[in-house]
Amino acid sequence: MDFTQYQQKAQTTALYPNVGNNLYYPVLGLGGETGEVLNKVKKVMRDNDGKVTDELREILKSELGDVLWYVAALASELKLDLDEVARANIEKLFSRKERGVIKGSGDER
Ligand SMILES: [Mg+2]
């Protein structure tokens with residue numbers, strides 16, 4: 001499955017209000033699911049001495065999937081192809097790497 005196929009399948013499970021004209025629901029969901037990832041990793045540090053067990057890995061896999069779903073939903077709301085988002089991102093990163101500016105800050109490197 002590529003990103004476009006994922007995005008198309010994910011979109012068929014989007015049941016929030018005004019799908020196709022609602023930036024807010026997916027962006028709020030993305031923040032919420034990102035918070036769930038952060039919280040699970042926090043508990044790895046607090047309760048498990050920083051060790052990621054197989055069980056925790058599966059839990060985090062599921063939460064990362066939730067993050068991906070909201071990324072796809074947000075891309076759909078923005079009329080962006082998720083495959084194109086991924087391609088543009090990796091091209092940007094490889095360009096920075098080749099130019100020796102992958103470290104540092106600033107969006108326009
Ligand atoms: Mg979740």
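Helix H2 (residues 24–48) gives the most to a nonpolar patch on the surface, with 3 residues, helices being DSSP runs of H or I of at least four residues and strands runs of E of at least two, numbered from the N terminus. The structure is a predicted model, in which local features need pLDDT of at least 70 and side-chain atom pairs count only at pLDDT 80 or more, whereas totals for chains, interfaces and linings use all residues. Residues are numbered from 1 along each chain as its sequence is written, and side-chain values use heavy atoms, with hydrogens and water left out.

The patch is formed by Leu23, Tyr24, Val27, Leu28, Leu78, Leu80 and Val85, which together have about 670 Å² of accessible area, computed by the Shrake-Rupley method with a 1.4 Å probe and, for residues, with only the protein chains shown counted as cover. Patches are made of residues with over 30% relative accessible area and no salt bridge, like charges being joined within 9 Å and nonpolar side chains (Val, Leu, Ile, Met, Phe, Trp, Tyr) within 5 Å. Of the residues in this patch, tyrosine 24 lies in helix H2 and is exposed, with a relative accessible area of 63%; exposed denotes over 50% relative accessible area, buried under 20%, and partly exposed the range in between (1.4 Å probe, protein chains only).

Helix H2 also takes part in the binding of a magnesium ion, as glutamate 33 and glutamate 36 of this helix are among its protein donors, which are Glu33 (OE), Glu36 (OE), Glu63 (OE) and Asp66 (OD), lying 2.1 to 2.5 Å from the ion. Donors are N, O and S atoms within 2.8 Å of the metal (3.2 Å for Na, K and Ca), and since water is not among the atoms, sites may look incomplete. Along the chain the donors follow the spacing E-x2-E-x26-E-x2-D. Because glutamate 33 and glutamate 36 are 3 residues apart in helix H2, about one helical turn separates them. Glutamate 33 counts as buried at 12% relative accessibility, whereas glutamate 36, at 31%, counts as partly exposed.

Glutamate 63 is placed in helix H3 (residues 54–77) and is buried, with a relative accessible area of 8%. When residues up to four places away in sequence are not counted, glutamate 63 touches Glu33, Glu36, Val37 and Lys40, contact being defined as heavy atoms within 4.5 Å. With lysine 40, the side chain of glutamate 63 forms a salt bridge (3.7 Å, N to O), a term that requires a side-chain nitrogen of Lys or Arg within 4 Å of a carboxyl oxygen of Asp or Glu. This pair links distant parts of the chain, with lysine 40 in helix H2 and glutamate 63 in helix H3, 23 residues apart. Lysine 40 counts as partly exposed, at 27% relative accessibility.

A search of the whole structure finds 7 salt bridges. One of the pairs joins the side chains of arginine 46 and aspartate 47 (2.7 Å, N to O), and both of these residues are exposed. Another salt bridge brings together the side chains of aspartate 54 and arginine 57 (3.0 Å, N to O), which are 3 residues apart in helix H3 and therefore separated by about one helical turn. Aspartate 54 is exposed, with a relative accessible area of 58%, while arginine 57 counts as partly exposed at 43% relative accessibility. Finally, Glu84, Arg87 and Glu91 are linked in a network of salt bridges.
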